[in-house]
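Visitor: I'm new to reading protein models, so could you walk me through this one?
Guide: Sure, ask away.

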Amino acid sequence: MANRDALRAFQSRLASRLQAARSSGVSASWLAVEAGESKFLFPLGHAGEIFPWTPPQMVPYTQDWFLGVSNLRGGLYGVIEFATFAVGRRAAPATETARAQSRLVALNELLEVNCALLIDRLVGLRGVEAFVSSQPPADDAPAWMGATYTDENGEQWQEVNLQALSQQPQFLNIGA
């Protein structure tokens, strides 16, 4: 019950911040998250609802990055360990404390893929003004990777085009 109340409070704060950003003229473009050792930016228009970590029901004979399926608010969602998918190798198992900070970020229902990405930590909302420089994706980068942004602390943030990701055959083919 405490987790549910904490999630509601978080979602309420996030909604308040989005409303404040709209009314003040500041545009928040991305949901900033950490997954594994990397930092990612998910476009707000592509991201859907955020859920607390719920252990999924495993599905046999699937890719390492496909953790299984979960019932999230009455909908059946495939759960992808995003750090493993993005990097290509499985990260060390998360501790109970670390897993408590984990969240499932569902893809926007307009993308028509019932999928949630497991991320290690929500960082908050970011706009272009939060970064000091950017670089276009490398020529050999997957089609779903956008620009890389650098913040004032020198941290690199990889933009992820969730719409392009949701259409990639590699992402859609979960069979091992």
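Visitor: Let's start with one residue: is Lys-39 buried or exposed?
Guide: Keep in mind that this is a predicted model. To count as buried, a residue needs under 20% relative accessible area. Lys-39 has 18%, so the word for Lys-39 is buried.

Visitor: Which residue forms a salt bridge with Lys-39?
Guide: Look for a carboxyl oxygen within 4 Å of a side-chain nitrogen. Here the closest N and O atoms are 3.9 Å apart. One end, Lys-39, is in strand 2, and the other end is in the loop between strand 10 and strand 11 (156-160), so the pair ties together parts that are 116 residues apart in sequence. The partner is Glu-155.

Visitor: And which residue meets Glu-34 in a salt bridge?
Guide: Glu-34 sits in strand 1, and its partner is in strand 8, 87 residues apart. Glu-34 counts as buried at 18% relative accessibility, while the partner is partly exposed with 33%. The N to O distance is 3.1 Å, and the partner is Arg-121.

Visitor: Which residues do shared salt-bridge partners join into one network?
Guide: The structure holds 4 salt bridges. We've just met the pair Glu-155 and Lys-39, and the pair Glu-34 and Arg-121. Through shared partners, the network joins Glu-34, Lys-39, Arg-121 and Glu-155.

Visitor: How far apart are the closest N and O atoms of Glu-49 and Arg-73?
Guide: Glu-49 lies in strand 3 and Arg-73 in the loop between strand 4 and strand 5 (75-81), so this pair ties together parts 24 residues apart in sequence. Glu-49 is partly exposed at 31%, and Arg-73 is exposed at 63%. The two form a salt bridge, and the gap between those atoms is 2.5 Å.

Visitor: Arg-99 is buried yet has no salt bridge, so what is the nearest side chain of opposite charge?
Guide: Arg-99 lies in helix 3 (residues 96-101). Leaving aside neighbours within four places in sequence, its contacts include Trp-53, Glu-81 and Leu-118. A salt bridge needs the charged atoms within 4 Å. The nearest side chain of opposite charge is 4.4 Å away, and that is Asp-120.

Visitor: Which strands stand at the edges of the sheet with the order 3-6-7-5-4?
Guide: This open sheet has 5 strands with mixed pairing. An edge strand has a single partner strand, so one side is left without a neighbour in the sheet. At one end, strand 3 runs antiparallel to strand 6, joined by 4 bridges. The edge strands are strand 3 and strand 4 (66-72).

Visitor: What about the sheet of 6 strands: which are its edge strands?
Guide: The order is 8-1-2-11-10-9, again an open sheet with mixed pairing. Each edge strand pairs on one side only. For instance, strand 9 pairs with strand 10 (residues 145-151) in the antiparallel sense over 4 bridges. The edges are strand 8 (121-126) and strand 9 (131-135).

Visitor: Which element supplies the largest share of the largest nonpolar core?
Guide: This core has 29 residues, and Phe-42, Phe-82 and Leu-117 have the most contacts inside it. Several elements supply at least two residues each, including strand 1 (30-35), strand 7 (115-119) and helix 4 (162-165). Phe-82 is in contact with Phe-42 and Leu-117, among others. The largest share, 4 residues, comes from helix 2.

Methods: Residues are numbered from 1 along each chain as its sequence is written. This is a predicted model: local features need pLDDT of at least 70, side-chain atom pairs count only at pLDDT 80 or more; totals for chains, interfaces and linings use all residues. Side-chain values use heavy atoms; hydrogens and water are left out. Buried means under 20% relative accessible area, exposed over 50%, partly exposed in between (1.4 Å probe, protein chains only). Lys and Arg count as positive and Asp and Glu as negative; His and the chain ends are not counted. Contact means heavy atoms within 4.5 Å. Two strands pair if DSSP finds at least two bridges between them. A nonpolar core is a set of buried Ala, Val, Leu, Ile, Met, Phe, Trp, Tyr and Cys residues joined through side-chain atoms within 4.5 Å.
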